[in-house]
Amino acid sequence: VNSLDLRKTSSTDIISTGRDCFLNFYNRFNHEIFYLKGGIGGTLKPENADLKETLEAYSKFYDKNKADMSHYFRTLYHLIKFIDNSDIQNKKQYTSIVRAQLSSYEQVLLFYNCLHENGIEKFKPLIERYSIFKNIDGSLILNKNLKAEYLGTAYGQ
């Protein structure tokens, strides 16, 4: 996370670094949903975007930010997978340490990433098994109905 930095287009000026990048990523993702739904003159609000529309916006967002985000999600996935494959007794204790390191914006982007083709097959089951969204800030999820795409165990239920 500390190695992330976002720069202005065609400039060396840094916009944000480290964890602050995830607020910027979140805003970029919301921008994609907003314009997918018709922008300022649109008839539908971004919070009403269904799963298909949300994932379409996420794909556009991810493609534009892949260089900065792909290694982050892969590293996080492999860390949790390592714990899952290990012989340790209390795996939830270790995954809760990982979860504690995630900011609210990291968690919500992970939420969308694991609904996307990037994570739905392999990462989403780990999210559900280890309650990675136990303390997710639900106010950052635009369409609250999308929470139902995960088993309750993802939220510690």
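**Rings, charges and partners: worked exercises**

The charged end of lysine 124 sits over the ring of tyrosine 150, at 5.2 Å from its centre. This is a predicted model, where local features need pLDDT of at least 70 and side-chain atom pairs count only at pLDDT 80 or more, while totals for chains, interfaces and linings use all residues. Residues are numbered from 1 along each chain as its sequence is written, and side-chain values use heavy atoms, leaving out hydrogens and water.

**Exercise 1.** Find which ring lysine 147 lies over.

*Solution.* Start with the rule: NZ of Lys or CZ of Arg must be within 6 Å of the ring centre and within 35 degrees of the ring normal. Lysine 147 lies over the face of tyrosine 155, 5.2 Å from the ring centre.

**Exercise 2.** Classify the pair of phenylalanine 22 and tyrosine 72, then place both residues.

*Solution.* Rings of Phe, Tyr and Trp (its six-membered ring) pair if their centres lie within 6.5 Å; planes under 30 degrees apart are stacked, over 60 edge-to-face, and the rest tilted. By this rule there are 17 aromatic pairs. Phenylalanine 22 and tyrosine 72 are 4.7 Å apart centre to centre with 55° between the planes, hence tilted. Next, helices are DSSP runs (H or I, at least four residues), numbered from the N terminus. Phenylalanine 22 lies in helix 1 (residues 20-36) and tyrosine 72 in helix 2 (residues 51-85), so the pair ties together parts 50 residues apart in sequence. Finally, both phenylalanine 22 and tyrosine 72 are buried (under 20% relative accessible area, 1.4 Å probe, protein chains only).

Note on methods: Helix = DSSP H or I, 4+ residues; strand = E, 2+ residues; numbered from the N terminus. Buried < 20%, exposed > 50% of the residue type's maximum accessible area, 1.4 Å probe, protein only.
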